[in-house]
Amino acid sequence: MNMAMGRFDYLNRRRLAELKHAELAENPAIRARHEDLARAYAKIISVLQREEASSPLQQWQS
């Protein structure tokens, strides 16, 4: 597994954990905080995937 995939896996595990915490939270404020964190992880993953897809090294290897 390369470093980028490990990073994506880690971030996705954190995103899923935050969604699980949000699901279990009874307090609406805490639920919203966990949902916000999950969205932030999703945005980070999306940006990193776009950067990786547009990197010259990735294009050269294709």
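Helices here are DSSP runs of H or I with at least four residues, and strands are runs of E with at least two, both numbered from the N terminus. The model is predicted, so local features need pLDDT of at least 70 and side-chain atom pairs count only at pLDDT 80 or more, while totals for chains, interfaces and linings use all residues. Residues are numbered from 1 along each chain as its sequence is written, and side-chain values use heavy atoms, with hydrogens and water left out.

**The whole chain**

Begin with the protein chain in a cartoon view, where the secondary structure comes to three helices and zero strands, in the order α-α-α along the sequence. Switching to a surface view shows an accessible surface of about 5000 Å², of which 57% belongs to carbon and sulfur atoms; such areas come from the Shrake-Rupley method with a 1.4 Å probe, and for residues only the protein chains shown count as cover. Of the 62 residues in the chain, 18% are buried, where buried means under 20% relative accessible area, exposed means over 50%, and partly exposed lies in between (1.4 Å probe, protein chains only).

**Helix 2 from end to end**

Next select residues 28–54, which form helix 2. This helix has 27 residues and reaches 39 Å from its first C-alpha to its last, close to the 39 Å expected at 1.5 Å a residue, the expected span being 1.5 Å times one less than the number of residues. At the start of helix 2, zoom in on asparagine 27, where a side-chain oxygen reaches to within 2.8 Å of the backbone nitrogen of alanine 29. Colouring helix 2 by burial should pick out His34, Ala38, Tyr41, Ile45 and Leu48 as its buried residues.

**The nonpolar core**

Which residues make up the largest nonpolar core? Select Phe8, Leu11, Tyr41, Ile45 and Leu48, the five residues of this core. Helix 1 and helix 2 each supply at least two residues of the core, and the largest share, three residues, comes from helix 2. A nonpolar core is a set of buried Ala, Val, Leu, Ile, Met, Phe, Trp, Tyr and Cys residues joined through side-chain atoms within 4.5 Å. Centre the view on phenylalanine 8 and, leaving aside its neighbours within four places in sequence, look for its contacts (heavy atoms within 4.5 Å) with Ile45, Leu48, Gln49 and Glu52.

**Glutamate 18 and histidine 34**

Is glutamate 18 buried or exposed? Select this residue in helix 1 (residues 3–24), where glutamate 18 is buried, with a relative accessible area of 7%. Apart from residues up to four places away in sequence, glutamate 18 touches His34, Leu37, Ala38 and Tyr41. Draw the distance to histidine 34, since a polar contact of 2.5 Å joins the two side chains; a polar contact is a pair of N or O atoms within 3.5 Å, and within protein one must be able to donate a hydrogen and the other to accept it, with residues adjacent in sequence counting only if both atoms are side-chain atoms. Histidine 34 lies in helix 2 and is also buried, at 12% relative accessibility, and its contacts, not counting residues up to four places away in sequence, are Glu18, His21 and Ala22.

**The salt bridges**

A search of the whole structure finds three salt bridges, each a side-chain nitrogen of Lys or Arg within 4 Å of a carboxyl oxygen of Asp or Glu. Stay with glutamate 18 and add arginine 14, whose side chain meets that of glutamate 18 in a salt bridge (3.3 Å, N to O). Both lie in helix 1, four residues apart, about one turn of the helix, and arginine 14 is partly exposed at 27% relative accessibility.

Then select lysine 20 and glutamate 23, which form a salt bridge whose closest N and O atoms are 3.8 Å apart. Lysine 20 is partly exposed, with a relative accessible area of 45%, whereas glutamate 23 is exposed, at 57%.

In helix 2, select arginine 39 and aspartate 36, three residues apart and about one turn of the helix from each other; their side chains meet in a salt bridge (2.4 Å, N to O).

**Last stop: arginine 31**

Finish at arginine 31 in helix 2, which is partly exposed at 32% relative accessibility. Leaving aside neighbours within four places in sequence, arginine 31 is in contact with Ala22, Glu23, Ala25 and Glu26. Measuring from C-alpha to C-alpha, the viewer should give 9.2 Å between arginine 31 and glutamate 18, which are 13 residues apart in sequence.
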